[in-house]
Amino acid sequence: MKAFHQPFEKKREDIFLNLSAKSYRWGNPMANSMRQLSWSEAFHIPLTEISTMNSQHRNLRSTIEAFATRVSRLAESLAEILAQKSGIKSSYFQENCLPNTSYLRLNRYPPCPFSSKVFGLLPHSDSSFLTIVYQDRVGGLQLMRDGKWFGVKPNPNALIVNIGDLFQALSNGVYKSIKHRVVAAEKVERFSVAYFYCPSNNAVIQSCGTPVLYRKFSFREYKEQNDKDVKETGDKVGLSRFLL
Ligand SMILES: O=C(O)CCC(=O)C(=O)O
Ligand SMILES: [Fe+2]
C-alpha cells in the first residue's frame with residue numbers, strides 16, 4: 001500500500017522498484033473511449049527479478065517472497081490435481097514451472113467518480129496456468145459464466161483460484177480459462193494481489209487429448225503474440241490464435 005501511495009512521478013520511474021521497464025502500469029494506454037479505460041494501477045512483478053528489487057523496499061520484497069513461496073506450493077498442488085483428470089503428465093508442472101517463473105501483480109483501484117462508466121479492470125482472461133487472487137473486503141471482481149457476469153463475494157479469509165489460458169490449452173479445452181473483470185467502486189479504494197502461475201519462457205504447451213484443438217507453442221511465443229495483438233488491435237486475441 002505504501003508503494004502505491006508514493007507520488008505518480010516516482011512510481012513511474014524504472015528505478016522505483018528497480019524491476020524491468022513497465023513494471024508499474026496504470027489505465028490502459030490503448031484506450032480510445034472511457035469504456036476502454038481501466039481505473040486502476042498495478043505493479044507487475046516477474047519473480048525472476050525479485051532479487052534486483054530496490055533495497056529501499058526490503059519489507060515489500062520479503063512479504064512478496066513469503067507470499068509467493070506459499071502460494072506457489074498451493075498452485076503446484078492444485079495444478080497437479082486438475083492435471084490428473086486430463087492426461088497431463090503429473091511431473092509436467094514441476095518440470096516447467098520453477099519457483100521464480102511466475103508473476104505477482106499488486107493491484108490498486110482508486111475510488112472512481114465515474115464508476116458506472118469505466119471498469120476497474122477491463123474484461124480479460126489471464127495468460128497463466130492458474131491465477132490465485134487475494135482480494136480485500138471491497139469487492140468488484142466479476143466472473144463470466146454462461147454469458148452472464150457474477151460477482152465474487154469478498155472474503156478476506158479466502159483465495160480465489162482462476163483457470164488461465166495455458167491450462168485451457170494444455171487440457172485441450174477441458175478446463176476453460178475464465179473471463180473476468182473488475183467493477184470500479186465509487187467511494188473506496190480496493191486492493192488485490194494476483195499470483196500468476198506460469199512456466200519458464202521456453203516451456204512447451206502441448207494439448208493433451210484427441211482431436212488436438214491447439215497447436216503446440218512455447219510460453220514465450222504466446223506472450224509475444226499477445227503483445228503484438230495488443231499493439232495492433234488494442235486487445236489480446238488469446239488462445240483462438242492457436243486453434244488448429
Ligand atoms: O483485482 C482483482 O480481483 C483481479 C485482478 C486481475 O484479474 C488481474 O490482475 O489479472
Ligand atoms: Fe486477471
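Which residues does the UniProt annotation "domain: Fe2OG dioxygenase" cover? According to that unreviewed entry, the annotation covers residues 99-199. The structure described here is a predicted model. Over residues 99-199 the chain is 6% helix and 44% strand, and the C-alpha atoms at the two ends are 9 Å apart.

**The iron site**

Three residues of the protein act as donors to the iron ion (ligand 2): His 124 through NE2, Asp 126 through OD and His 180 through NE2. These donors lie 2.1 to 2.3 Å from the ion. Along the sequence, the donor residues of the iron ion follow the spacing H-x1-D-x53-H. His 124 belongs to strand β4 (residues 119-124) and His 180 to strand β9 (residues 180-183), so this pair ties together parts of the chain that are 56 residues apart in sequence. The two histidines can also be described by their accessibility. His 124 is partly exposed, with a relative accessible area of 24%, whereas His 180 has a relative accessible area of 6% and is buried, because buried means under 20%.

**The surroundings of ligand 1**

Ligand 1 is surrounded by 14 residues. The closest are Asn 107, Tyr 109, His 180, Arg 190 and Ser 192. His 180, already named as a donor of the iron ion, is thus also listed among the closest residues to ligand 1. By residue type, the shell around ligand 1 divides into 7 nonpolar, 4 polar and 3 charged residues.

Several side chains place a polar atom at a short listed distance from an oxygen atom of ligand 1, as the table shows.

| Residue | Distance from its polar side-chain atom to an oxygen atom of ligand 1 |
|---|---|
| Arg 105 | 3.3 Å |
| His 124 | 3.1 Å |
| Asp 126 | 3.3 Å |

Taken alone, ligand 1 exposes 300 Å², and the protein buries 98% of that area. The elements that give two or more residues to the shell around ligand 1 are β3 (103-109), β4, β9 and β10 (190-197). Strand β10 supplies the largest share of this shell, with 4 residues.

Strand β10 also contains Tyr 197. This tyrosine is buried, with a relative accessible area of 3%. Lys 85 is 112 residues away from Tyr 197 along the chain, and the C-alpha atoms of the two residues are separated by 19 Å.

**Backbone features in the loops**

Most residues other than glycine have a negative phi, and most peptide bonds are trans. Some positions in this model depart from that pattern.

Asp 146 is not a glycine, yet its phi is positive, at about 50°. The residue lies in the loop between β6 (141-145) and β7 (148-151). With 73% relative accessibility, Asp 146 counts as exposed.

Asn 172 likewise is not a glycine and has a positive phi, of about 60°. Its place is the loop between α4 (165-170) and β9. Is Asn 172 buried or exposed? At 10% relative accessibility, Asn 172 counts as buried.

The peptide bond that joins Thr 210 and Pro 211 is cis, with an omega of about -10°. Pro 211 is found in the loop between β11 (204-205) and β12 (217-218).

Notes: Residues numbered from 1 in each chain as written. Chains lettered and ligands numbered in written order. Predicted model: local features only at pLDDT ≥ 70, side-chain atom pairs only at ≥ 80, totals over all residues. Heavy atoms only, no water. Donors = N, O, S within 2.8 Å, 3.2 Å for Na, K, Ca; no water. Buried < 20%, exposed > 50% of the residue type's maximum accessible area, 1.4 Å probe, protein only. UniProt positions renumbered as here; feature names shortened; annotations may be inferred. Near = heavy atom within 4 Å. Polar contact = N/O pair within 3.5 Å; in protein donor to acceptor, adjacent residues only side chain to side chain. Areas by Shrake-Rupley, 256 points an atom, 1.4 Å probe, with all protein chains shown as cover. Nonpolar A, V, L, I, M, F, W, Y, C, P; charged D, E, K, R; others polar.
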